[in-house]
Structure formats: C-alpha cells, structure tokens
There are 2 protein chains.
Amino acid sequence: MAHLQPDQTGELSGIRPRRNNRRLELMRAAAHCFVAQGYAATTMREIAAAAGMQPGSIYYHFSSKLDLLTAVHEEGLRRITAATGAALDRVGGDAPPWERLEAAACAHMSALLEGDVFFTAVMRDLPDEDTPSRERVTALRDDYERIFSRLLADLGLPRDVDARTLRLMLMGAMNWAHGWYRKDGDTPDAIARKFIRYLRQSLSD
Amino acid sequence: MAHLQPDQTGELSGIRPRRNNRRLELMRAAAHCFVAQGYAATTMREIAAAAGMQPGSIYYHFSSKLDLLTAVHEEGLRRITAATGAALDRVGGDAPPWERLEAAACAHMSALLEGDVFFTAVMRDLPDEDTPSRERVTALRDDYERIFSRLLADLGLPRDVDARTLRLMLMGAMNWAHGWYRKDGDTPDAIARKFIRYLRQSLSD
DNA sequence: GTCTATACTTGGATAGAC
DNA sequence: GTCTATCCAAGTATAGAC
C-alpha cells in the first residue's frame with residue numbers, strides 16, 4: 001500500500017525514476033527500430049545493437065520479442081493519452097468545443113510526428129498476433145479514442161452527421177500523416193489546425 | 001511491333017490472358033498473405049502453400065521475395081488507377097467537380113475495402129528497402145495521386161485552403177479505413193460519400 | 001513449369017560464467 | 001544485469017530430376 005502501484009517503467013509516475021533504467025532505454029531502442037522497419041522486419045540483434053547491449057541481455061528484461069512490442073505499445077498509448085489529456089487541461093474545460101478538439105488534434109499530431117518514438121510505434125503496426133497481452137493494448141487504445149469520441153459529442157453536430165465516421169476520418173487523416181510528414185513543411189500543429197478547419201465550417205451547424 | 005507491349009500479367013490488357021496463368025495466381029496468393037500479415041511476416045512457404053505449389057516453384061516466376069512484392073504493388077497500382085479512371089469516365093467529364101471527386105473516392109474505397117487484394121496490398125506496407133524497382137512503384141503511386149490532385153484543383157477552392165494538405169487528409173482518411181472497416185457496417189461507397197460530404201460544405205465557398 | 005531435396009543464412013531464445 | 005557462446009527452428013534461395 002505504501003508505494004501505490006509500482007509503475008512498470010518508472011518514468012511516467014515519477015516514482016523510482018532510476019530503477020530499471022536500462023529497461024526503458026531498451027524499449028526506446030526497440031521503438032526506434034519498429035518505427036523504422038516495422039516489427040516483423042526488426043531483429044533482436046538490431047534492437048540490442050541500438051541499445052548498446054548484447055542480444056542475450058534483452059531477455060533479462062523481456063521474455064520475448066512480442067513482450068517487448070507489447071511494452072512499447074502500452075507505453076506509447078499511456079503517453080499519448082496523458083499528453084492529449086494535458087493539452088485539454090491546458091485549454092480549459094469550458095473552452096469552445098471546436099477549440100478543445102483542435103487542442104487534442106495538435107497534441108496528437110505533435111506526439112505522432114515529433115514527439116517520442118513510443119507514440120509513433122503504436123501507429124506503425126499494431127500487434128495482430130492473438131496474444132493475451134493484446135487485450136490490454138486494445139483497452140488502452142479504446143481509452144484513448146474515447147477522448148476524441150467525447151470531444152466530437154460535445155460539438156453538437158447536425159443530426160445527419162455520423163460522429164463515429166467523422167472521428168475515424170479525422171484519426172485516419174492524422175495517423176496517415178506520419179507517412180508523408182517532412183520536417184521542412186508544415187509543423188504538426190499547423191497540419192492539425194488545417195485538418196480541423198477543413199471540417200469545421202461545414203459541420204459547426 | 002505486332003504484339004505491342006506484351007503485358008506482364010496478361011490480364012489488364014486483355015492480350016494473351018492465358019499465358020503465365022499461374023504467375024498471376026501466385027501474385028494474388030502473395031497479395032493475400034501480405035495483406036493479412038504484412039510483407040516481412042510473410043514467408044515464401046506460406047505464399048507457396050496459398051498458391052498450391054511448392055516453395056521452390058515460386059522462383060521460376062520471381063527471382064526473389066522482393067521481386068514478388070514489387071510485382072504485386074505494380075499490379076495493384078495499375079488496377080486502382082484504371083478503376084478510378086473508369087469511374088471518372090462513367091460520371092462524365094463535365095459533371096460537377098465535387099461529384100467527380102466523390103466518384104473517385106467511391107472507386108478508391110470500393111477497391112481498397114472490397115475489391116481485389118492487389119489494391120489493398122499496396123496500402124498495407126510500401127517497400128521501404130531501397131531497390132531499383134522502388135522507383136517504378138513510386139512513379140505509379142505519383143501517377144495515381146495526381147488524379148486526386150487534379151480533381152481537387154478543379155474544385156475552385158477558397159484561396160486559404162491548401163489543396164495538398166486537403167488531398168493528404170482525404171487520402172489518409174480513406175486509406176486508414178482498411179483498419180476499421182467491417183462488412184456489416186457502412187458500405188465503402190457510403191463511407192466515401194460521408195467523407196466527401198464532411199469536407200464539402202465548408203470548402204465549396 | 002513444377003517437384004524434391006537441400007544448401008546456406010539468419011533469427012529467436014537459452015545456459016551459464018562473471 | 002550483462003556477456004559469451006550456442007542451440008535450434010525457420011527463412012530464402014538453388015540444383016537438378018521429371
């Protein structure tokens with residue numbers, strides 16, 4: 001009871017930030033590889049090299065490659081949920097609904113395109129192998145998407161607008177951007193604001 | 001000269017539809033595997049089994065796994081370009097621009113979600129390995145995307161709308177749909193029409 | 001054109017020293 | 001907690017018969 005729930009990474013919660021230090025480095029190295037080449041194409045040797053350790057050493061921290069992928073996804077989803085929530089807190093609960101949606105979209109795009117690799121890894125390839133751990137990841141995904149569901153519900157959309165399809169449309173547009181985003185073009189925020197603007201006028205009544 | 005350009009698949013052009021018959025079956029089997037699991041996770045043995053042949057037999061038709069992927073992508077891009085072009089012909093060159101865009105979006109979504117697997121394989125994972133063949137695939141991709149660029153240019157958008165970002169937004173929304181589409185929900189056409197509608201009013205000036 | 005058989009390489013994972 | 005060494009399975013690709 002004294003320690004609450006010891007966080008798996010020791011980073012988000014701020015509790016015990018130094019313990020299991022290499023575990024998080026390992027996850028970050030893996031996330032980089034997964035983003036660059038995809039999960040299946042990434043080898044444990046590559047991950048080990050990226051983390052500056054020997055392949056065998058990975059298995060002290062993770063029981064399998066799939067276990068490592070799961071950890072990366074959980075971390076990524078936890079972070080993106082926290083980042084978007086923080087952005088919403090910053091803009092305030094009584095800000096206009098479209099402004100709140102824009103804030104969330106900006107947070108999502110910044111995280112996906114310029115933030116930590118954990119976010120990006122989540123969107124690159126979801127673990128399609130049927131594993132017990134997949135349920136947890138799916139649950140976290142659902143939690144995150146619910147943020148956007150609520151924001152859309154608050155817009156007071158016209159009755160002939162299907163909020164679910166609209167949400168999937170927006171999320172698809174955002175997530176696909178990691179395939180074409182270039183650092184010398186629009187910033188993630190600018191892209192997000194354009195997306196919202198292109199939807200806004202037609203639907204705000 | 002008599003045969004014009006002998007088509008690589010013998011299917012699209014209508015010339016010599018029976019020759020190299022198994023080659024196309026093989027490509028289709030491979031496309032199925034690539035869509036289901038991704039390129040890297042797919043093995044030559046699986047492809048062979050799906051095509052009803054022995055692993056070694058593949059190499060009579062294709063020199064490598066990457067060669068097979070390239071062929072699948074080229075075929076998919078050739079087909080989606082043809083299908084979208086045909087849909088535009090059907091709706092007519094002097095139809096209203098938004099109607100033409102809708103027709104193209106419907107063709108794209110139908111192809112991606114319910115059409116031949118070749119289309120879908122193209123969107124699942126692009127060949128990121130640097131290979132000479134990648135240039136050809138990229139060129140075909142560019143050709144296809146140019147169709148949408150032209151359609152958007154014809155809309156006569158307000159000056160403060162960035163046509164490129166709008167195109168990428170729409171393409172992202174569409175391509176991401178293959179991750180959430182269910183046969184018991186909206187049809188591909190219905191989804192495409194919603195997407196277009198949610199963009200239309202705000203932007204038609 | 002397809003098969004069988006197999007060469008050769010790479011990958012995930014383990015064992016045990018330190 | 002990390003390393004070295006290694007096992008074993010699985011992968012791509014080839015050779016040659018039919």
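**Reading a predicted protein–DNA model**

Student: Which residues does Leu69(A) touch, not counting residues up to four places away in sequence?

Tutor: Contact means heavy atoms within 4.5 Å, and by that rule Leu69(A) touches Phe34(A), Tyr39(A) and Pro127(A). In this predicted model, local features need pLDDT of at least 70 and side-chain atom pairs pLDDT 80 or more, while totals for chains, interfaces and linings use all residues. Residues are numbered from 1 along each chain as its sequence is written, chains are lettered from A and ligands numbered from 1 in the order in which they are written, and side-chain values use heavy atoms, leaving out hydrogens and water.

Student: In which helix does Leu69(A) lie, and is Leu69(A) buried or exposed?

Tutor: Helices (H or I, at least four residues) and strands (E, at least two) are DSSP runs numbered from the N terminus, and Leu69(A) lies in helix α4 (residues 65–91) of chain A. Buried means under 20% relative accessible area, exposed over 50%, and partly exposed in between, with a 1.4 Å probe and protein chains only; Leu69(A) counts as buried because its relative accessibility is 2%. Leu69(A) and Tyr39(A) are 30 residues apart in sequence, yet their C-alpha atoms are 7.6 Å apart in space.

Student: What does Asn175(B) contact, leaving aside its neighbours within four places in sequence?

Tutor: Asn175(B), which belongs to helix α8 (residues 163–176) of chain B, is in contact with Trp176(A), His108(B), Leu112(B) and Met123(B). With a relative accessible area of 3%, Asn175(B) is buried too.

Student: How many residues does helix α1 of chain B have, and what is its reach from first C-alpha to last?

Tutor: The expected span of a helix is 1.5 Å times one less than its number of residues. Helix α1 (residues 21–37) of chain B has 17 residues and reaches 25 Å, close to the expected 24 Å. Its buried residues, including Leu24(B), Met27(B), Ala31(B) and Phe34(B), pack against α2, α3 (58–61), α4 (65–91) and α6 (117–124) of chain B. After α1(B) comes Gly38(B), whose phi is positive, near 90°.

Student: Which residues come nearest to DNA strand D?

Tutor: A residue is near a strand if one of its heavy atoms lies within 4 Å of it. Of the 16 residues around DNA strand D, the nearest are Gln54(A), Tyr60(A), His61(A), Thr43(B) and Arg45(B). Of the strand D atoms within 4 Å of the protein, 62% are accounted for by sugar and phosphate.

Student: Which polar side-chain atoms lie 2.9 Å or 2.7 Å from a phosphate oxygen of DNA strand D?

Tutor: A polar contact is a pair of N or O atoms within 3.5 Å; within protein, one must be able to donate a hydrogen and the other to accept it, and residues adjacent in sequence count only if both atoms are side-chain atoms. A polar side-chain atom of Ser57(A) is found at 2.9 Å, and one of His61(A) at 2.7 Å. The elements giving two or more residues to this surface are α3 (58–61) of chain A and α2 (44–51) of chain B.

Student: How many residues surround DNA strand C?

Tutor: There are 14, and the closest are Met44(A), Arg45(A), Arg22(B), Gln54(B) and His61(B). For strand C, α2 (44–51) of chain A and α3 of chain B each supply at least two residues of the nearby surface. A phosphate oxygen of strand C is 2.8 Å from a side-chain N or O atom of Tyr60(B), whereas Lys65(A) uses a backbone N or O atom, 2.9 Å from a phosphate oxygen.
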